[in-house]
Amino acid sequence: MSVTDQDRQNEQQRVERVISEIKNRIDDLKEHVNVVSEDIIGIRKHFWDDVTVNFEDAIEAVETYASIKQQAEVLSERERIHRHAQNQLRTLQRLLHSPYFGRIDFQEELESKPEAIYLGIASLLDKNEEEFLVYDWRAPISSLYYDYAPGPAEYNTPSGNVNGEITCKRQYIIRDGKLLHLFDTGVTIGDELLQEVLGKQADSQMKSIVATIQRDQNLIIRNERSRLVIVSGAAGSGKTSAALQRIAYLLYRYRKTLTAEQIVLFSPNSLFNSYVSTVLPELGEENMQQTTFQEYAEHRLGDDFRLENPLEQMEYVLTANDQSGYEARLEGIRFKSSTLFLQAMDEYANSLKQSGIMFRPVTFRNQTLISAAHIHELFYSLDTNLPIPNRMVLVAKSLLTELKKLEQRERSKTWVEEEMELLDRDAYVAAYQSLRRKKQFREDTFDDFEREQELLANWIVKKQFQPLRDFIRELQFIDTRAIYRQLFLSRDLLETLAPTTLQHKVLDNWPAVCEQTAERLEQQYLACEDIPPYLYLQERLEGKQTNNLVRHVFLDEAQDYSAFQFALIKSLFPRAKMTVLGDWNQAIYAHAYHQNSFDAVTSLFEPEETETFVLTKSYRSTYPIVLFTRQLLQNGDMIEPFMRDGRLPTLTKVTSPQAHTDQIEARIRELADRGHQTIAVITKTLEEAQAVHDVLQERLPIRLIKPATLSFEKGILIIPSYLAKGVEFDAVILYDASAICYGEESERKLFYTACTRAMHELHLYYSGEKSPFLDNVSPEYYELFV
């Protein structure tokens, strides 16, 4: 069906009518907001004028409370109306710019004619609130636009399926109230719209473009039946966008029962959190909770250990290969993240039911009140059929009882008298008030010297013993560090727990791994690879920490997660559904490089609860860039490029450090002249990024991105390869593509990840020999400058 001039004229007239309706609605809403604002200011200003305050007796006090409560409820209701109106106003202002992006004409069975359904980022009713001028893209009927070509179609509603026929499917590009383009299309979103969207410049924050959702992405977004949704997708395939749009859909679909606070997104780092933070607000929704696994670990262990973060571990792996113990550290990283070690840890935890748990004594003023041996005896006297955490709770109750008796004995000690003599007036008054609140004496009690001394002694000892009570209640008497360390003090122990494990070549350096681990633990330092298994062991000893409020958990860059991390997150959010996003071609961390499946997480769910989606089409980069980057991989032919034209990538050989710097500077200036707003110089490591920044900052306005960087703006950036994962740039300059820099097979995926950050242009530089990863790239797919 071709678009005629009359069609175009009619569509432009409709755009103008809808824009006019939106403007009228905005004017009415602004007036309403102003009235409500004045009401709120008035209520706040005269709040106490309208409240009767009288505390003469109990009845008057109750009436006063009721009066205050009533006035507070009036204020709260007006504030709620104001917030709702402000949200509506923001939505209308977004619609004003582009009211809708698509249309389907759908004729239901038994109906005489089709209905035109227009889709936008939010619903809009006419002034009588009888007819939809625009349907929200998340509405059930809107799924027709993403899932079907013209012809027979159906969509699902809470009351059942609706069948019919799509007689027309049309797309629009509307900007600032002007219809720039319209075209009819088939089942996929038309290339014209994708070309227009993908051809734009990159931004410092991700944009949510619901107009270009593809059918396979829509299936992910609207999946409601699966407890585990796995999305395995190529670089630039829209995994993260689909996840965020899925969150927006879920908030819309279950708006009466689901809030943004009940959704958690685990992302790779704080920079990525900032990058995606505007997507949901753009769609009219509040942001979900955002965190990283490292932040969770800091919350749990930060008071007891200095924790290495994943980026520090990555920098070590990339730069320390000439250091003593390097191979052992790599072996430890791989093994401690494996399912084999998880199984060994489970066996270890089970063996601790019978013996092996170590305890810390309860001490006070450098004296042992309750010995570790006594706690050990108490624990192992309990029924071994009980789970360890249940036995720990019983031990804690028993210890608190003992502590109470010890507290009574302590009151007669000399130090208590000394503390009383040192009490200043403020402390004395605080003690008096504390005891009075607890009604431990009458008004005249402090006139009796002996009674006064007794009460003060009780107060002092109770206050001094409070940390001990906390110590016991929080199960700090369990020496988890010593119990974890015990695993690495004896090879025999691990062989007993997992007899086949140590036969694997991967553990040739196990004695050195054990020595390194024990030494770090002694220094109260937890390496990144030790954090998840340590937390896992802690939960097996103390009991699971759970959050039953969260209903959906999203894990981005999940190829970087270990078996322990999946198990911990599943345990932490037992009632939540999980959406896992990843790309094994971007598994850049040492523990994940040789893995290629999500078995570690699928094993936690029933097969019928799990659904896997594979996205093979890459939309981020131009056609020439995808043809180039996919040849860097051994299985790259599976990646499908989107037909968006662009310049060939370039590979330039430099002859000296000075020439290298000069050519990089010239390339950056050339890219800026072509209008690129985000230009990234990607180095392999932070150390290299710092060195390049030190040289280039004298020539260009350039910013260094470090692990601690929380956000970035448009401009010229220097960024380490592993920090660039998950974000995109108009143009990428790979600073050093030489064999010396990227020569190990374990670095292939890091090299690929760095190159796939480019949207429009990709330029690589090297000296000496080029990286062997480039050997399989056909010369026709890049320009070579020697």
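**Leucine 475.** I began with leucine 475 in this predicted model, and noted that its relative accessibility is 10%, so it counts as buried, the limit for that being under 20%. I then looked up its backbone and found a positive phi of about 60 degrees, although leucine 475 is not a glycine. I placed leucine 475 in the loop between helix H17 (449-473) and helix H18 (480-486).

**Leucine 110.** I next turned to leucine 110, which is likewise not a glycine and has a positive phi of about 75 degrees. I found leucine 110 in the loop that runs between strand S1 (102-108) and strand S2 (115-120). I checked its accessibility as well: at 90% relative accessibility leucine 110 counts as exposed, because the limit for that is over 50%.

**Helix H15.** I went through helix H15 (residues 414-422) and listed Trp415, Val416 and Met420 as its buried residues. These residues cover an arc of only 145 degrees around the axis, so I recorded them as lying on the same side of H15. On the face of H15 turned away from that buried side I noted the exposed residues Thr414, Glu421 and Leu422.

**Helices H11 and H20.** I looked up how helix H11 (residues 326-336) packs with helix H20 (residues 510-522), and found an angle of about 85 degrees, with the axes 9 Å apart. Because angles of 65 to 115 degrees count as roughly perpendicular, I entered H11 and H20 as roughly perpendicular to each other. From H11 the contact is made by Ala328, Arg329, Glu331, Gly332, Phe335 and Lys336, and from H20 by Trp510, Ala512, Val513, Gln516, Thr517 and Arg520.

**Nonpolar cores.** I examined the largest nonpolar core, which has 107 residues, and wrote down Trp137, Ile719, Phe729, Leu734, Phe751 and Leu764 as those that touch the most other members. Helix H6 (residues 239-253) gives the largest share of this core, namely eight residues. Apart from this core I found another, of 88 residues, with Ala457, Ala567, Met578 and Val601 among them.

**Domains.** Last, I copied the domain assignment of the chain, which gives domain 1 (1-95), domain 2 (98-216), domain 3 (217-303 + 549-617), domain 4 (362-474) and domain 5 (623-784). I noted that domain 3 is listed there in two segments, 217-303 and 549-617. For domain 1 and domain 5 I also looked up the separation of their centres, taken over C-alpha atoms, and entered it as 50 Å.

Terms used:
Residues numbered from 1 in each chain as written. Predicted model: local features only at pLDDT ≥ 70, side-chain atom pairs only at ≥ 80, totals over all residues. Heavy atoms only, no water. Core = buried A, V, L, I, M, F, W, Y, C linked by side-chain atoms within 4.5 Å. Buried < 20%, exposed > 50% of the residue type's maximum accessible area, 1.4 Å probe, protein only. Helix = DSSP H or I, 4+ residues; strand = E, 2+ residues; numbered from the N terminus. Arc of directions from axis to C-beta. Domains from an automatic or database assignment. Axes fitted to C-alpha atoms, helices over the stretch in contact; angles between N-to-C directions. Parallel < 35°, antiparallel > 145°, perpendicular 65-115°, else oblique. Contact = heavy atoms within 4.5 Å.
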